[in-house]
Amino acid sequence: MCGICGFIERNRNNIASAKAPLSREHILEMMMAALIHRGPDQGKSWMSETAALGFRRLSIIDLEGSVQPMANESGDLVLVFNGEIYNYQELRRELIAVGHHFSTQGDSEVLLHGYEEWGDTLPEHLRGMFAFAIWDEKNGRLYAARDPFGIKPFYYALTDSSLVFASEIKGILPHPSYKKKLNQEALAQYLSFQYSALEKTFFQDIWQLKPGHFLKYDRKTSCLELTEYFVPELYPGCSEKPEEKNGKRFSSKPRKRTGKKNAYTDMENWISRLDQAISDSVKTHMAADVEVGSFLSGGVDSSLIAAEFTGNKTFTVGFGKGQSRYNEMPFARELAEELHLSHSGKQISEKEFWDAVPEVLYHMDEPSGDPSAVALYFLSREAARQVKVVVSGEGADELFGGYCIYCEPNALHLYQKLPSLLRKGIAGLAKRLPDMRGRSFLIRGSMSVEERFIGNANLFTAEERNRLLKTKTQALSPQAFLAKDYADAGQLDDASRMQYIDLLHWLPGDILQKADRMSMAHSLELRVPYLDKEVFEAARYLPPQFKQKKQVSKYLFRQVAARHLPAASSNRRKLGFPVPLGHFLSSETGSEHIIRTFHSPAAEKFFHREALDELMTGRGCGRGNTNRKLWAVYAFLVWYEIYFPEEAEAQNTAAAV
């Protein structure tokens, strides 16, 4: 795991700015310094007359070799690479067989020779997590790619003088040709989704390379081209990938088989198939020349990985004392003992939680309304004290249908047989009722899945955020933002459509974003065996009835886990990464943080006072998702003061005057 950065100069005469003229070497050094937490072991750079590449290394494989930036034999292709390629030995043998010569033992060189051999189709050959850039010095072209699910990040900006890129946004900010400015459209969508949902980031003119995409940039023409090479399409119940018709994807029914059992709907067949795929992936993800540990929450996802991995050390954090929904350490410790693994735990105090928030938001690069990022920060810190690599359970819910909300279509099935107009009339009456059991069911049951589900976090509606924000933007409603993706999955059942939306947005935007940033904050490599191309290839065909059974989520996956875990673990209810947010927001310490931040000049700049006061009135009471809404606003304001201190200071000065 590493940090990469660089810039390709379009016009060297414009590279200096009001910040002060700087040498190209010093600019690259500043960019690399901003990423040192991603690679504390080594820092190297490469420069030509028009290109500069920087690399910070965290040594995991081929510790003495594989130094980057890495050039091919002729020196006209130069690579910087962040991630791990798990099938690199297989690809290495394949490339040697057709005449390529290797000088290192690691996975990096496979990318250089793979690009020489396969060109733009290189990512399709790779099994792993990656974000890399290859500079073609001879032809003046940059090629960059990001892995299919977005495990590893890649950001870029096209300025007046340069194309600038880095593993994190903070690696781009030191470049003098970039002029920092807030993108308020990103703020509007963030308030609904809980994370930065746009391809455009919170920083105007800085973009993320989307998962499953590659980028090509031609310096001579200044042409930048983006291409999608992977889409996480689902084919639930199909025997094979459906054909495309008139350029459109469509769903097909399971192929009929002779005999008493259909191989694609037989549970035992599926359990064995997934069990093998997951076991192989965990084994593959253990490749390292350093010790590998495992996160262990006590939930079924991380528990199965801990049972399968070949390491010995496991790590857990929690809030409060004793076993509770906010403290899984006793349960995790008990499971670790049963699996004959060592276990280390950390109890996070309320003071530690609040003190860590600014550090967490600095490392996140963009605001995050997910308080579990703080818990993951402490978990990564505990693990990094003993190991350099961990395996973790991210992605299982998105692949196997694990979120409880995916069971909602089953609950609404009979009710939605009523005519739509009748259900909408009932919903209108229900909205006038006080918050009581069954009210949400009647309201949500009147909506289509496109209307009610935008992802696992659904905070402010378009109307609510318009009431909150002082500056109006051209931001689409969440439903309009997702309309094309829902249309692409139009032939799927409702739960699979929800799953598809989360694979495209929630997984890379929230889950993998915080996993990468919080682990890298402590120079810890985090690997996610469920998000493996072979595991996904099996999971994408899972029949709907094997993902949710009545109100049981991730049904078949739990049967796989039961082969390796005690029943208490395989049947454990989905909890996520729970944080006692209501208590923290309403405590004396929390109240001080919220009141001070919500009355800051920044709060007055972005938000209407009456809407903020309404949020503060509801904190801690557990009414709907008020606490999560309040936290999202608080996190943005803290983040803003970190990344735009000059604006925040100017507002403080103006307020004092």
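**View 1. Contact between helix 9 and helix 17.** Ser-372, Ala-373, Leu-376, Tyr-377 and Ser-380 of helix 9 meet Lys-514, Ala-515, Met-518 and Ser-519 of helix 17, where contact means heavy atoms within 4.5 Å. This is a predicted model, in which local features need pLDDT of at least 70 and side-chain atom pairs count only at pLDDT 80 or more, while totals for chains, interfaces and linings use all residues. Residues are numbered from 1 along each chain as its sequence is written, and side-chain values use heavy atoms, with hydrogens and water left out. Helices (H or I, at least four residues) and strands (E, at least two) are DSSP runs, numbered from the N terminus. The axes of helix 9 (residues 372-384) and helix 17 (residues 494-520) come within 8 Å and cross at roughly 40°. Axes are lines fitted to C-alpha atoms, for helices over the stretch in contact, and angles run from 0 to 180 degrees between N-to-C directions. Helix 9 and helix 17 are therefore oblique to each other; angles under 35 degrees count as roughly parallel, over 145 as roughly antiparallel, 65 to 115 as roughly perpendicular and the rest as oblique. The crossing of helix 9 and helix 17 is right-handed, the near helix being turned clockwise from the far one by less than a right angle. The residues in the contact of helix 9 with helix 17 are five nonpolar, three polar and one charged. Here Ala, Val, Leu, Ile, Met, Phe, Trp, Tyr, Cys and Pro count as nonpolar, Asp, Glu, Lys and Arg as charged, and the others, Gly among them, as polar.

**View 2. Contact between helix 5 and helix 19.** Helix 5 (residues 267-284) and helix 19 (residues 555-562) have axes 9 Å apart and pack at an angle of about 65°. The two helices, 5 and 19, are therefore roughly perpendicular to each other, and their crossing is right-handed. From helix 5, Met-267, Trp-270, Ile-271, Leu-274, Asp-275 and Ile-278 meet Tyr-555, Leu-556, Phe-557, Gln-559 and Val-560 of helix 19. Nine residues in the contact of helix 5 with helix 19 are nonpolar, one is polar and one is charged.

**View 3. The largest nonpolar core, seen around Phe-400**. A nonpolar core is a set of buried Ala, Val, Leu, Ile, Met, Phe, Trp, Tyr and Cys residues joined through side-chain atoms within 4.5 Å. Buried means under 20% relative accessible area, exposed over 50%, and partly exposed in between (1.4 Å probe, protein chains only). This core has 179 residues, of which Phe-132, Phe-400 and Phe-636 touch the most other members. Helix 25 (residues 626-643) gives the most to this core, with 12 residues. Apart from the largest core lies another core, of 20 residues, among them Phe-55, Leu-142, Phe-165 and Tyr-217. Beyond its neighbours within four places in sequence, Phe-400 is in contact with residues including Leu-274, Ile-278, Tyr-530 and Phe-557. In soluble globular proteins, nonpolar side chains tend to be buried together.

**View 4. Helix 3 and its surroundings.** Helix 3 (residues 108-118) has nine of its 11 residues buried, so it is largely enclosed by the rest of the structure. The buried residues of helix 3 are Ser-108, Glu-109, Val-110, Leu-111, Leu-112, His-113, Gly-114, Tyr-115 and Trp-118. They pack against strand 4 (70-71), strand 5 (77-85), helix 2 (88-97), strand 6 (128-136) and strand 7 (141-146). Just after helix 3, Gly-119 takes a positive phi of about 60°.

**View 5. Two buried loop residues, Asp-532 and Pro-543.** Asp-532 is found in the loop between strand 19 (525-527) and helix 18, and has a relative accessibility of 2%. Leaving aside neighbours within four places in sequence, Asp-532 is in contact with Arg-127, Ser-281 and His-285. Pro-543 is in the loop between helix 18 (533-539) and strand 20 (548-549); its relative accessible area is 1%. The C-alpha atoms of Pro-543 and Pro-236 are 307 residues apart along the chain and separated by 4.6 Å.

**View 6. Backbone details at Pro-69, Asp-205 and Lys-550.** Most residues other than glycine have a negative phi, and most peptide bonds are trans. A cis peptide bond joins Gln-68 and Pro-69, with omega about -5°. Pro-69 is in the loop between strand 3 (51-57) and strand 4. Asp-205 has a positive phi, near 75°, and lies in the loop between helix 4 (184-193) and strand 10 (206-208). At 47% relative accessibility, Asp-205 is partly exposed. Lys-550 has a positive phi of about 55°, is found in the loop between strand 20 and strand 21 (552-553), and is exposed at 68% relative accessibility.
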